[in-house]
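Let's take a walk through this protein together, starting with the empty spaces inside and working outwards to rings, helices and a few single residues. Keep the structure open beside you as you read.

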Amino acid sequence: MPKQATDPQPIFIGGCERSGTTMLASMIGRGRHVAVIPEAQFLIRLIESFGPCECYRKSDFVRELEDDPRFAIWNIEPPGRTVDAKVNLGEYFRELITEFVEQRHIERWVDHTPWSISYMKRLLGVFPEARFIHLVRDGRAVAASILSLPDWPFASIIGIAEHWQNRIAAGFAAQAAHPDRVITVRYEDLVSDSESELTRICEWLGVAYEHSMLERNNATLPAYTKGQHGLVGRKPRVERISAWRSSLTSKQIDIFETLTGDLLEMLGYEMLGNPTRRITRTERFAAALVDGWAAGIGRMRRRRRLRRHIKRRS
């Protein structure tokens, strides 16, 4: 397959899970020269296995990817079965992108793996020209979304609150370390004033804003994750911003605000409950049990779903 005239530049959209990273990627990807790739959850493992700069035979990468069920989601053949040249990881990953987009000319590719922002230093080692979008969403809305879905490693409001804080902290730490490489976007602003936010984002990325980014489209999502992204491809709905108010119980809101109230307020989110209530030892113990159970069961279910996906593909 012919090489792109110029290497397309990477965009990583990160944040806490269920913050809208896939939605934003879908919107940006409606541009004519931007490609959205499936979540490259195997990329960090490749960096850890091969390092950012050393050169290896393509067959080495092929063997690594063949053993990774997350790569099967891409539904492509890894390059290197016929031409076994030596390349570094960045060069090889660009070949994967070219294989995925086929003959389409692109200027940018977008990965929307939420935890990518937590691995910014490693990713910059492979893609020094990368840009990162840190997407922030009200943690209570994130909690309501996570609690509505199966297979997640957190099933308690305490576990979700602490996880959300960690993801937010990683995003702002990345921006503090590399202010020229990271832009912060609020989910609520993106939904309520999509055109202005997308214009701002595109200008920062150096991507041409197109009106098609606001229109509904049939976003291409792997079958493995379609069930989690039922709203992707549709126009953003403003009512989604405050849907958590009726989804969470007053006790869940109280607990979440007690654990994260200072951060929520610093981010400009209004408090609703009683953020001064004390989290009891019993509540923490129960949360640890629930999250431990959810992590184990969720891991088993995800593996089973991946195996079914791989079987259908073969």
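In this predicted model, two cavities reach a volume of 30 Å³ or more. The second largest of them has a volume of about 30 Å³. If you would like to find it, look for its lining: Phe12, Ala40, Leu43, Ile44, Asp111, Thr113, Trp115, Ser116 and Leu123. Six residues of that lining are nonpolar, two are polar and one is charged. Rolling a probe the size of a water molecule over the atoms shows where empty space is left.

Now step back for a moment to the chain as a whole. Its secondary structure amounts to 13 helices and seven strands. Of the 314 residues, 51% count as buried. Among the contacts with a separation of 6 or more, 75% are made by residues 24 or more positions apart.

Phe12, which you met in the cavity lining, also leads us to the aromatic rings. Ring pairs join Phe12 with Phe42, Phe71, Trp74, Phe93, Phe100, Trp109, Phe127 and Phe132 in a cluster. Counting across the structure gives 18 aromatic pairs. One to look at is the pair of phenylalanine 50 and phenylalanine 61: the ring centres are 4.5 Å apart and the planes meet at 40°, so the pair is tilted, falling between the stacked limit of 30 degrees and the edge-to-face limit of 60. Phenylalanine 50 belongs to helix α2 (residues 43-50) and phenylalanine 61 to helix α3 (residues 58-66), eleven residues apart. Are these two residues buried or exposed? Phenylalanine 50 has a relative accessibility of 8% and counts as buried because the cut-off is 20%; phenylalanine 61, at 0%, is buried too.

Phenylalanine 61 has company in α3, where Lys58, Ser59, Val62, Glu64 and Leu65 are also among the buried residues. What do the buried residues of α3 pack against? Their partners are α2, β3 (55-57), α4 (69-72), β4 (86-88) and α5 (89-101).

Two other rings have an arginine over the face. Arginine 131 lies over tryptophan 204, at 4.6 Å from the ring centre, and arginine 137 takes up such a place over tyrosine 187, at 4.1 Å from the ring centre.

Let's move on to strand β6 (residues 131-136), which holds histidine 134. With a relative accessible area of 0%, histidine 134 is buried. Leaving aside residues up to four places away in sequence, its contacts include Gly14 and Gly15, Ile117, Arg167 and Ile168, and Val182 to Val185.

Helix α7 (residues 139-147) is mostly covered, with eight of its nine residues buried. These are Gly139, Arg140, Ala141, Val142, Ala143, Ala144, Ser145 and Ile146. Their cover includes α8 (157-177), α11 (244-247) and α12 (250-266).

Finally, have a look at the backbone in two loops. Arginine 18, in the loop between β1 (9-15) and α1 (21-28), has a phi near 70°, a positive value in a residue other than glycine. Asparagine 75, in the loop between α4 and β4, likewise has a positive phi, near 60°. Which of the labels buried and partly exposed goes with arginine 18, and which with asparagine 75? Arginine 18, at 19% relative accessibility, counts as buried because the limit is 20%, whereas asparagine 75, at 42%, counts as partly exposed.

Note on methods: Residues are numbered from 1 along each chain as its sequence is written. This is a predicted model: local features need pLDDT of at least 70, side-chain atom pairs count only at pLDDT 80 or more; totals for chains, interfaces and linings use all residues. Side-chain values use heavy atoms; hydrogens and water are left out. On a 1 Å grid over the protein atoms alone, a cavity is a set of points where a 1.4 Å probe fits but cannot get out, and a pocket is an open set with protein on both sides within 12 Å along at least five of seven lines; lining residues have an atom within 4 Å of a point. Grid points are joined across faces, edges and corners, and a volume is the space filled by probe spheres set on the points. Ala, Val, Leu, Ile, Met, Phe, Trp, Tyr, Cys and Pro count as nonpolar, Asp, Glu, Lys and Arg as charged, and the others, Gly among them, as polar. Rings of Phe, Tyr and Trp (its six-membered ring) pair if their centres lie within 6.5 Å; planes under 30 degrees apart count as stacked, over 60 as edge-to-face and the rest as tilted. Helices (H or I, at least four residues) and strands (E, at least two) are DSSP runs, numbered from the N terminus. Buried means under 20% relative accessible area, exposed over 50%, partly exposed in between (1.4 Å probe, protein chains only). A charge sits over a ring if NZ of Lys or CZ of Arg is within 6 Å of the ring centre and within 35 degrees of the ring normal. Contact means heavy atoms within 4.5 Å.
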